[in-house]
Amino acid sequence: MKFFLDTAHLDHIREACRWGIVDGATTNPTLVSKTGREPRDLYAEICRIVPGPVSLECMATEADAIVAEAKQLATIAENVVVKIPVIREGLIAVKQLADLGIKTNVTVICSPLQALLAAKCGATYVSPFVGRWDMMGQVGMDMIRQIKTIFSNYGFATQILAASVRHPLHVLESALAGADVATIPMEVMQQLYLHPMSDVIIEQFNNDWAKVPGKP
Ligand code: E4P
């Protein structure tokens with residue numbers, strides 16, 4: 001399973017990439033707005049640091065304009081994946097971009113049928129927003145499981161990218177459900193390392209090691 005970092009924060013990207021577990025990154029307009037940076041320079045820096053696909057979001061709303069914006073974004077770096085919201089015009093653009101060999105991530109997926117449409121149009125990734133589903137009183141992970149079933153029923157190559165991840169349980173359940181990727185905020189990425197029992201055991205080992213004579 002691949003881990004993407006869900007942020008536009010350069011320090012966080014540098015830090016998490018150093019840990020060796022980051023396979024890519026996703027950004028969105030909200031995350032970019034938090035940086036206070038001009039997008040194009042920021043995107044270029046992110047693409048330089050991240051050792052894998054980086055999703056950059058298109059803001060146009062008409063198919064032709066989306067395709068034009070996507071082509072521009074794709075010139076930033078070779079690892080750019082163009083993120084396109086799941087609107088009808090967006091899916092028209094996804095189909096054209098697939099024919100041009102430009103990778104796409106269809107985002108803001110809130111139903112398995114939207115994911116099916118995106119896959120039919122040749123999306124590289126679909127991003128179901130599991131945390132947002134949970135917030136609506138639905139089980140976000142059901143969406144991942146249903147999309148997984150649909151994609152395997154018909155042999156779609158489109159990858160399932162679990163998005164809107166809020167806590168480690170989302171990552172665990174995404175892995176169990178067979179999501180190809182989870183895009184994870186920095187604070188959740190940090191939590192993945194932690195378990196209080198590990199701390200207790202390590203402390204015990206350290207204490208016992210202190211009693212061992214003749215250490216180098
Ligand atoms: C995915 O690519 C999105 O950036 C992200 O996961 C957004 O989710 P949120 O706005 O619910 O945090």
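**Close-up views of the ligand site and the barrel**

**View 1. The ligand occupies the largest pocket.** In this predicted model, the space taken by the ligand is the largest pocket. The residues around the ligand are D6, T26, N28, K83, F129, R132, A163, S164, R166 and T183.

**View 2. Polar contacts join R132, S164 and R166 to ligand oxygen atoms****.** From R132, a polar side-chain atom lies 2.7 Å from an oxygen atom of the ligand. R166 also contributes through its side chain, where an N or O atom is 2.7 Å from a ligand oxygen atom. For S164 the contact comes from the backbone: an N or O atom there lies 2.7 Å from an oxygen atom of the ligand. The ligand taken alone exposes 340 Å², and the protein buries 87% of that.

**View 3. Eight strands form a closed barrel****.** The 8 strands follow the order β1-β2-β3-β4-β5-β6-β7-β8, and their pairing is parallel. From one strand to the next, the twist averages 30°. In general, strands of a sheet pair through backbone hydrogen bonds, in either a parallel or an antiparallel arrangement.

**View 4. Strands β7 and β8 run parallel****.** Strand β7 covers residues 159–162 and strand β8 covers residues 181–184. The two strands are joined by 2 bridges. A162 has its bridge partner in β8, namely A182. Among the residues around the ligand are A163, S164 and T183.

Note on methods:
Residues are numbered from 1 along each chain as its sequence is written. This is a predicted model: local features need pLDDT of at least 70, side-chain atom pairs count only at pLDDT 80 or more; totals for chains, interfaces and linings use all residues. Side-chain values use heavy atoms; hydrogens and water are left out. Two strands pair if DSSP finds at least two bridges between them. Helices (H or I, at least four residues) and strands (E, at least two) are DSSP runs, numbered from the N terminus. Axes are lines fitted to C-alpha atoms, for helices over the stretch in contact, and angles run from 0 to 180 degrees between N-to-C directions. A residue is near a molecule or strand if one of its heavy atoms lies within 4 Å of it. A polar contact is a pair of N or O atoms within 3.5 Å; within protein, one must be able to donate a hydrogen and the other to accept it, and residues adjacent in sequence count only if both atoms are side-chain atoms. Accessible areas come from the Shrake-Rupley method with a 1.4 Å probe; for residues, only the protein chains shown count as cover. On a 1 Å grid over the protein atoms alone, a cavity is a set of points where a 1.4 Å probe fits but cannot get out, and a pocket is an open set with protein on both sides within 12 Å along at least five of seven lines; lining residues have an atom within 4 Å of a point. A molecule sits in a cavity or pocket if more than half of its atoms lie within 2 Å of its grid points.
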